[in-house]
Amino acid sequence: MSSTPLSVNATSARVSTPGPRPIDIALLVSVFVVAACGLLYELAAGALASYVLGDSVLQFSTIIGTYLFAMGVGSWLSRYFERQLPAHFLRIELLVALVGGAMPAVLFMANAYVPGAFRFLLYGMVLMVGTLVGLEIPLVMRILKRNTVLKDLVSQVLTFDYLGALAVSLAFPLLLVPHLGLIRTGLLFGLMNAAVALWAVWLFRGELRRLKAHAVACVLVLGALLAGFAGADHITTLAEDKFYQDRIVFSTASPYQRIVVTQGRAGHRLFLNGNLQFAERDEYRYHEALVHPAMAAHGNPRRVAVLGGGDGMAVREILKYPSVESVTLVELDPAMTRIFTDNPTLARLNGQSLQSPKVHIVNTDAFQWLQQGEDTFDVIVVDFPDPTNFSIGKLYTNSFYALLDKRLAASGYAVVQTTSPLVARQSFWTVVQTIESVGLQTAPYHAHVPSFGEWGYVLASRRPWRVPDALPTGLQFLSPQTLPLLFDFPLDMARVPAEVNRLSNQALVHTYEREWGKVVAH
């Protein structure tokens, strides 16, 4: 007799179980936005740290570690928030919007005007944002807990949290930074955090004690961030004009680097992530020394490859040889080859070399290009930036040089730009030792480039290098008489013992950072 009422009661209980309320759905969407914004601030901090401090692996590792630690602190502190949870959530959202959204702009300005404070501000802001983000999720979960079963609550919150992180991790390098830049990207996501706060004002309008004050705070934060977003170009100009000193005539951010071209007394200068790549007044010294010892020694180079060197300066020198039939330029960043092809001022610097029908541009990773191809070349010019981080350091390893050896014709020459043998002596001879470890003969040399000081190069081949009888006409630096002098090393640049740089240890990156760090410290 008792089974029927029990059955009816059970059925009634199942029927009366409420589904997700609109307010709960809105909060879950907020979790998605909060997660996306939190990860965005973390990525922006890591990118800025790698731009300014170098060694991207170290910077991203320490930023991520600091951020996760701060999130743990925030989660622990959330236990002390017991009443008026929606109001606390609102305040935290607005703080995250202000601190996180303004972080790239503040750090850019700090690097330009108070560089000594950059590291302190960087980790201070990361700690603050991480702590605030760590507070957000527990508060949302406790608000949702009022009407959601625990197992459903955890699964829903974590699902939206991870989806938000996935979305921004894909959008950051592919869409946001290339099209908006770091400053606007940070401010855009700050606006998203502030919009969540404004939305929460409306959702919890019946619970908030000081509704008008919360609404005014949201409007003020949104207004400040919108003003920053509108003036982002001005902020960038202020910071970069101070940092670079000379007038900036071109700047852009690609997924790979920040590209800035300035014009001043030294003519045009190119900077990648703040590091000088060439100065117009003396770049001819660097590029003549890079190209002609290998090209002229070969005698009749027809097929040439250039790895790196997206500015086209090395290609300009290569095209001075009538025997050259084709030049393959392998440059990772399409933004580099595009601006030095299409921008009239920059194309003039390389003599419109990238527009030559002999030149074939391949925008891909040089390591992969060597692995995937089979064509061989008479001369290969390797013109990468210095090994400031592990992503570049892999291009200075014995694994890379073994691949380079396979793509070099039997009588061919490769030449590698190899930092300063005076400032970074150990680093220079590490590259020489690494090239020799794969069975290639080397002929190290150096040249004085005023913008850089003493700069080093290494010729690599299967046959001994011999001084060429002639060089192309019209050179400004090299001559057959002075060329042999480049291969003479004084005592303070003479060879020192060095280990092989391998993918498994990347010892060169640590050596380079230590040697150049001494210069910066002084």
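How many aromatic pairs does a search of the whole structure find? In this predicted model, the search turns up 17 aromatic pairs. The views below visit two of these pairs, along with a helix and two charged side chains.

**View 1. F367 and F400 form a tilted aromatic pair.** Their ring centres lie 5.9 Å apart, with 50° between the planes. F367 belongs to helix α13 (residues 366–372) and F400 to helix α15 (residues 398–406), so the pair ties together parts that are 33 residues apart in sequence. Both F367 and F400 are buried.

**View 2. Y512 and W516 make a tilted pair within helix α17.** Here the planes meet at 45° and the ring centres are 6.0 Å apart, which is why the pair counts as tilted. Because Y512 and W516 are 4 residues apart in helix α17 (residues 507–521), about one helical turn separates them. Both Y512 and W516 are buried. They also belong to one aromatic cluster, whose other members are Y286, Y445, F452, W455, Y457, W465 and F487.

**View 3. Helix α4 bends at M103.** The bend is about 50°, and a proline, P104, follows within four residues. At 1.5 Å a residue, the 29 residues of α4 (residues 85–113) should span 42 Å, and the end C-alpha atoms are 40 Å apart, which agrees. Helix α4 is mostly covered, with 21 of its 29 residues buried.

**View 4. R184 and R303 each lie over an aromatic ring.** The charged end of R184 sits over the ring of F229, 5.4 Å from its centre. R303 lies over the face of F377, at 5.0 Å from the ring centre.

Note on methods:
Residues are numbered from 1 along each chain as its sequence is written. This is a predicted model: local features need pLDDT of at least 70, side-chain atom pairs count only at pLDDT 80 or more; totals for chains, interfaces and linings use all residues. Side-chain values use heavy atoms; hydrogens and water are left out. Helices (H or I, at least four residues) and strands (E, at least two) are DSSP runs, numbered from the N terminus. The expected span of a helix is 1.5 Å times one less than its number of residues. The bend at a residue is the angle between axes fitted to the seven residues ending there and the seven starting there. Buried means under 20% relative accessible area, exposed over 50%, partly exposed in between (1.4 Å probe, protein chains only). Rings of Phe, Tyr and Trp (its six-membered ring) pair if their centres lie within 6.5 Å; planes under 30 degrees apart count as stacked, over 60 as edge-to-face and the rest as tilted. A charge sits over a ring if NZ of Lys or CZ of Arg is within 6 Å of the ring centre and within 35 degrees of the ring normal.
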